[in-house]
Each structure stands twice: as C-alpha cells, then as structure tokens.
Amino acid sequence: MAHIFIVGATGGVGSRLHPILTGAGHSVTALHRKPEQAEALQKAGVTPVEGNIIDMDAEALAKAMSGADAIVFSAGAAGAGKDKATKIDGDGPIKLIDAAGQAGVKRLYVVSVIPDAGRTADLGDGFEHYMAEKKRADVAVAASDLDWVLLRPGTLTDESGSGRVDLNRAVSYGDVSRDNVAAVLAELLETPAVRKEALELVDGDMPVRQAVSALERG
Ligand SMILES: NC(=O)c1ccc[n+]([C@@H]2O[C@H](COP(=O)([O-])OP(=O)(O)OC[C@H]3O[C@@H](n4cnc5c(N)ncnc54)[C@H](OP(=O)(O)O)[C@@H]3O)[C@@H](O)[C@H]2O)c1
C-alpha cells in the first residue's frame with residue numbers, strides 16, 4: 001500500500017480523491033491551510049498537516065511529505081486573482097518538484113488544465129494569466145526527473161461521476177465531472193507504469209480502469 005501526499009485535499013477534486021485512496025487501503029497525508037479542516041480530515045482517515053503552499057518553501061514541503069510514495073497537486077487559486085494564480089497554480093507544482101527531490105519522493109501527479117479551455121471565448125486577462133501559470137508549471141514538471149503525470153481536465157462539473165471518460169494524450173475539449181477526475185487520479189496512482197505523460201481528460205465512454213490500462217499498454 002502506498003502513502004500519498006495531497007495538496008488540495010479539501011477542494012472539489014481532492015475531497016473526492018482521498019476517500020477512494022483510503023478506501024483502497026492507502027495512507028493519505030493532506031496539506032490544509034485552515035486549522036478547522038484538520039478534524040474532518042482526521043475523521044476521514046487522513047493525516048492532516050497544516051500549511052499554506054504560498055508561505056511554505058521546498059524544505060517545509062519536503063518535511064510535510066516525509067515518507068510519501070507519491071504527491072498529488074490538485075490545489076488552485078480558483079479565481080482569487082493573478083497573484084494567487086502565480087503563487088499557487090504556477091509556483092506550487094514547481095516548489096513540489098524541489099521538495100520531492102529533498103524528500104526522495106519520485107512520483108508527482110499534477111492537476112493542470114486542458115490547453116484549449118476557453119479558446120472560443122474571451123475570458124479576460126485573469127483567465128489568460130491562470131492558463132499561462134498552469135503552463136509554466138507543466139513545463140517545469142515535464143522537465144523534472146520525477147515520474148510525473150500532468151492530468152489536464154476539461155471544464156470541471158459537480159455532476160455525479162459516470163465512471164466513463166475520454167483520457168488520452170489529446171482529446172476534444174469538453175466537461176468532466178470532479179468525480180471522474182478523482183477516479184482517474186486514483187487509477188493512475190495504482191498504475192505507476194503510466195508516467196512521464198501529459199494526459200487530457202473529459203467525460204466519455206470508456207470505463208476509467210480500461211482508459212488507464214490502455215495507456216499502460218502504450
Ligand atoms: N474549474 C475548472 O473548470 C478547472 C478546469 C481544469 C482544471 N482545473 C484545476 O483543477 C484543480 C482542482 O480543481 P477544484 O475544483 O478541485 O479546486 P477547488 O475546489 O478550488 O480546490 C482548491 C484546493 O486548493 C486548496 N488551496 C488553495 N489555496 C491554497 C494554498 N495557498 N495552500 C494550500 N492549499 C490551497 C484549497 O484549500 P481550501 O479548502 O483551504 O480552500 C482546496 O483544497 C485545480 O488545480 C484547478 O486549477 C479546474
């Protein structure tokens with residue numbers, strides 16, 4: 001069984017991911033920024049570590065992830081402005097690369113964004129900045145010597161998960177439920193042979209396990 005360190009475990013995707021992992025017998029440590037989140041995480045069988053990725057340096061993050069086999073980054077600034085997008089969506093995964101090196105963690109899974117999100121609409125400066133920060137982080141992750149996966153979902157929804165997806169190196173842009181994103185992350189974590197991959201994800205027709213194992217077979 002593995003030990004997974006999640007940044008963003010209290011968010012839409014992260015809060016759906018950790019129960020799948022603990023349910024499968026893995027141990028989960030979650031970085032959370034608000035003290036009042038600790039109790040619920042503990043009740044869910046997750047080890048809470050209080051901290052804010054904006055204020056933490058790589059050394060502090062390395063300490064927080066000590067003993068982990070894999071890291072999941074599903075945090076995000078969620079429209080809180082350009083500065084937060086820079087410090088969370090851009091700098092966050094980059095700090096995790098450094099921290100993983102210090103802590104000896106080899107596997108990093110980053111929830112990024114499908115590159116053609118919003119291309120047909122003018123979503124403004126803030127959105128363009130967010131997209132550029134996600135890309136800046138993706139470039140650093142792909143250049144790292146970790147066993148990384150960039151998971152690039154389409155537009156996230158709170159629809160209940162169909163368990164069926166379109167997951168590949170390139171897919172047509174569309175929506176994807178947060179349930180399905182969490183299910184795919186959990187399956188990827190079970191499938192370390194899928195690594196050094198940037199994968200796009202929308203809701204689709206293929207059961208999650210089959211979609212991941214198709215990638216495993218190349
Ligand atoms: N929205 C979309 O359509 C869309 C599309 C593609 C990709 N994405 C990406 O998908 C990922 C997951 O999205 P989501 O909907 O699950 O996000 P979310 O619900 O907004 O959750 C964000 C998580 O990040 C945490 N967080 C925020 N700032 C932090 C900080 N400074 N230090 C530590 N943790 C911090 C939040 O903690 P708190 O509980 O304390 O707030 C929360 O756990 C994000 O990376 C997002 O950019 C989103």
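Helices and strands here are DSSP runs, with at least four residues for a helix and at least two for a strand, numbered from the N terminus. With that naming in hand, A78 can be placed in the loop between β4 (70-73) and α4 (82-103). The structure is a predicted model, and A78 is a handy spot to start looking around it. A78 is not a glycine, yet its phi is positive, at about 50°. Most residues other than glycine have a negative phi. A78 also sits out in the open: its relative accessible area is 77%, so it counts as exposed, the cut-off being over 50%.

A second residue shares this backbone theme. K196 has a positive phi of about 50° as well, and it is not a glycine either. K196 belongs to the loop between α6 and β10 (197-203). With a relative accessible area of 39%, K196 is partly exposed.

Stepping back to the whole chain, the count is seven helices and eleven strands. The radius of gyration is 16 Å, close to the 17 Å that the globule rule gives for 218 residues, so the chain is as compact as a globular protein of that length. The C-alpha trace spans about 40 × 40 × 35 Å along its principal axes. As for burial, 48% of the 218 residues count as buried. Among contacts with a separation of 6 or more, 68% are between residues 24 or more positions apart.

The outside of the chain can be summed up briefly too. Its accessible surface comes to about 9,900 Å², and carbon and sulfur atoms hold 48% of that. The chain carries 23 positive and 31 negative charges, and the mean positions of the two sets are 2 Å apart.

Now for the sheet. Nine strands form an open sheet with mixed pairing, in the order β3-β2-β1-β4-β5-β6-β10-β8-β11. At the edges are β3 (47-50) and β11 (206-207), each of which pairs on one side only.

Walking in from the β3 edge, the next strand is β2. Strand β2 covers residues 27-32 and is joined to β3 by four bridges, with the two strands running parallel. One of the matched pairs is A30 with P48, its bridge partner in β3. Five of the six residues of β2 are buried, so this strand is mostly covered, buried meaning under 20% relative accessible area.

On its other side, β2 meets β1 (residues 3-7), and these two pair in the parallel sense over five bridges. Here A30 turns up again, standing opposite I6. Another match links V7 to L31, its bridge partner in β2. In β1, five of five residues are buried. In a regular strand the side chains alternate between the two faces of the sheet. For β1, both faces are covered: H3, F5 and V7 are buried on one side, and I4 and I6 are buried on the other.

Just past β2 comes R33, found in the loop between β2 and α2 (38-43). R33 counts as exposed, at 53% relative accessibility. Leaving out residues up to four places away in sequence, R33 touches E50, G51 and N52. Of these, E50 falls within β3 (47-50). R33 and T10 are 23 residues apart along the chain, and their C-alpha atoms are separated by 9.3 Å.

Two charged residues in helices tell another story. K134 has its place in helix α5 (residues 124-143). Despite being a lysine, K134 is buried, with a relative accessible area of 6%. Neighbours within four places in sequence aside, K134 is in contact with F73, A75, D89, V111, S112 and V113. From this list, F73 lies in β4 (70-73) and D89 in α4 (82-103). The C-alpha atoms of K134 and I114 are separated by 9.7 Å, with their positions 20 residues apart along the chain.

The other one is E187, which is found in helix α6 (residues 178-189). E187 is buried too, at a relative accessible area of 14%. With neighbours within four places in sequence set aside, E187 is in contact with V208, R209 and V212.

Key: Residues numbered from 1 in each chain as written. Predicted model: local features only at pLDDT ≥ 70, side-chain atom pairs only at ≥ 80, totals over all residues. Heavy atoms only, no water. Rg over C-alpha atoms; globule rule 2.2 N^0.38 Å. Buried < 20%, exposed > 50% of the residue type's maximum accessible area, 1.4 Å probe, protein only. Contact = heavy atoms within 4.5 Å. Areas by Shrake-Rupley, 256 points an atom, 1.4 Å probe, with all protein chains shown as cover. Lys, Arg positive; Asp, Glu negative; His and termini not counted. Charge placed at Lys NZ, Arg CZ, Asp CG, Glu CD. Pairing = 2+ DSSP bridges.
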